[in-house]
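Me: I am new to this structure and should like to understand how its descriptive terms are justified. May I put some questions about it?

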Amino acid sequence: MSAPNLFLFYVTDIERSTRFYCDLFEIEPVFRHPSYIAFETGTGTLFSLWNSRGEAVARETPRSSELGLMVTGGDEAVDELYAKWSAKDLLVVEEIHDEIFGRTFVIADPDGNLIRVCLAD
């Protein structure tokens, strides 16, 4: 059996979300379709955006999962990314704080999908 290799977020506006993630992660898609965008995040691993029916997903819809960005460089690296992303006027869901696994914060994309930044294990 293989390890998971596709992480998918449902979005309401594929172009807006593509711009958001290109700017946020400073990456470009490896595949584009009017309703599906894929970014390669590692060898054989994709992070994708999908609007399968062109329907809106209510921002108020509870999100029960997060996309994680684990950074190296200690607490300072998390603090620096928080400062950089805070300057972009992103929606901060959890302010920067310490958890049992280290320094962390959570932001949301335009559709309310959650992105957690934390230290690499």
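Me: Why is K88 called partly exposed in this predicted model?

Reply: The relative accessibility of K88 is 27%. Partly exposed covers the range between under 20%, which is buried, and over 50%, which is exposed, so K88 counts as partly exposed.

Me: What makes the contact of K88 and D23 a salt bridge?

Reply: Their side chains meet at 3.0 Å, N to O. The cut-off is within 4 Å for a nitrogen of Lys or Arg and a carboxyl oxygen of Asp or Glu, and the pair therefore qualifies. K88 lies in the loop between helix 2 (74–86) and strand 6 (91–99), while D23 lies in helix 1, 65 residues apart.

Me: How do you know whether R116 is buried or exposed?

Reply: R116 has a relative accessible area of 14%. Buried means under 20%, so R116 is buried.

Me: Which residue meets R116 in a salt bridge at 2.8 Å, N to O?

Reply: The partner is E66. Because E66 lies in strand 5 (residues 66–71) and R116 in strand 8 (residues 114–119), the pair ties together parts that are 50 residues apart in sequence. Salt bridges with shared partners join E66, E94 and R116 into one network.

Me: Why is E28 called exposed, and what is said of R32?

Reply: E28 has a relative accessible area of 56%, and exposed means over 50%, so the term applies to E28. R32, at 48%, is partly exposed. The closest N and O atoms of E28 and R32 are 3.9 Å apart, and the two form a salt bridge.

Notes:
Residues are numbered from 1 along each chain as its sequence is written. This is a predicted model: local features need pLDDT of at least 70, side-chain atom pairs count only at pLDDT 80 or more; totals for chains, interfaces and linings use all residues. Side-chain values use heavy atoms; hydrogens and water are left out. Helices (H or I, at least four residues) and strands (E, at least two) are DSSP runs, numbered from the N terminus. Buried means under 20% relative accessible area, exposed over 50%, partly exposed in between (1.4 Å probe, protein chains only).
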